[in-house]
Amino acid sequence: MSKIAVVFPGVGYNKDRPLLYYAGKAASACGFELKHIDFSGIEWSKEKLKDRDFLLKTLDICIKKAEDTLAGQGDMSGDELVFISKSIGTVVATAYSFRKSLNVRHICFSPLEFINEYVSEKSAILFYGDNDPYADHKSIEKIARDKELEMYKISGGNHSLETGDVSTDIDNLKGMIRRVTDVINDDTLLHTVK
């Protein structure tokens, strides 16, 4: 059995930005092989994140990119998997694991409401901001309650989970990565997708 962590980026939030960079480093430090999905070449913008038709059309393209990246891994159904995702990447990661019927610990930064169709009960931790113009935090909270997902609200947090106060943002990042490390090390967050 392999231990694999896959990073699914956002539109303008790539693997080298703080949340994904440090979450990826935490996964590596916990003994996971790190894989990065690249969504370059896809025509999109932050304004399209609430457009359901756009997301559905783009989802298949993004899942194909994920499949291509992970093709060398073979059948991952027996592997220990952590998917770390941001924004539209949260939709792709949850949809990919749903379609492949994989047991995954999902770590979702700034999730979009569309994850509701794909995320399984008790399979994810959601980090979201209550000042995010691209995702309705009330909808995210409802999804978390309905699916019994762990959630962490960043007060004043925007789509990058930043408040505008550098000291607060560093403290928040430190707290989030500590929790991410706990989740990566806790295999009780595994759930079989139905």
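Let's start with two strands: β1 (residues 3–8) and β2 (residues 33–36) sit side by side in the parallel sense, joined over four bridges. One pairing to look for is V7, which stands opposite H36 in β2. To get from β1 to β2 the chain passes through α1, and this β-α-β crossover is right-handed. Keep in mind as you look around that this is a predicted model.

**A helix with two sides**

Now find helix α5, which covers residues 166–185. This helix has 20 residues and runs 29 Å from its first C-alpha to its last, close to the 28 Å expected at 1.5 Å a residue. Right at the start of α5, D165 gets involved: one of its side-chain oxygens comes to within 3.2 Å of the backbone nitrogen of S167.

Which residues of α5 are buried? They are D169, L173, M176, I177, V180, V183 and I184. Looking down the axis of α5, you'd see these buried residues fall within an arc of 115 degrees, so they line one face of the helix. Here's a handy bit of background: an α-helix has 3.6 residues a turn, so residues three or four places apart point the same way. On the other side of α5, you'll find D171, R178 and N185 exposed.

What covers the buried residues of α5? The cover includes the helix α1 (18–29) and the strands β3 (80–86), β4 (104–109), β5 (124–129) and β6 (150–154).

**A histidine in a strand**

Next, click on H106, which belongs to strand β4. H106 is buried, with a relative accessible area of 3%. Its side chain makes a polar contact with the side chain of S97, at 2.9 Å. If you skip the neighbours within four places in sequence, H106 is in contact with F83, A93, T94, S97, S123, A124 and I125.

**Some loop residues to compare**

The loops have a few spots to check out too. Here is where four of their residues sit and how accessible they are.

| Residue | Loop | Relative accessibility |
|---|---|---|
| D79 | between α2 (52–70) and β3 | 14%, buried |
| N103 | between α3 (88–100) and β4 | 25%, partly exposed |
| S110 | between β4 and β5 | 1%, buried |
| L161 | between β6 and α5 | 2%, buried |

Take D79. D79 and M1 are 78 residues apart in sequence, but their C-alpha atoms are 5.0 Å apart in space. Leaving out neighbours within four places in sequence, D79 is in contact with M1, S2 and I4. The side chain of D79 also reaches the backbone nitrogen of S2, at 3.1 Å.

N103 has a partner from another part of the chain as well: N103 and L81 are 22 residues apart along the chain, with 6.9 Å between their C-alpha atoms.

S110 and L161 are worth a look for their backbone angles. What is phi for S110? It is near 50 degrees, a positive value in a residue other than glycine. L161 has a positive phi too, near 60 degrees, and L161 is likewise a residue other than glycine. For background, most residues other than glycine have a negative phi.

Note on methods: Residues are numbered from 1 along each chain as its sequence is written. This is a predicted model: local features need pLDDT of at least 70, side-chain atom pairs count only at pLDDT 80 or more; totals for chains, interfaces and linings use all residues. Side-chain values use heavy atoms; hydrogens and water are left out. The expected span of a helix is 1.5 Å times one less than its number of residues. Buried means under 20% relative accessible area, exposed over 50%, partly exposed in between (1.4 Å probe, protein chains only). The arc is that of the directions from the helix axis to the C-beta atoms. Contact means heavy atoms within 4.5 Å. A polar contact is a pair of N or O atoms within 3.5 Å; within protein, one must be able to donate a hydrogen and the other to accept it, and residues adjacent in sequence count only if both atoms are side-chain atoms. Two strands pair if DSSP finds at least two bridges between them. A crossover is right-handed if, with the strands pointing away from the viewer, the path from the first strand over the helix to the second runs clockwise.
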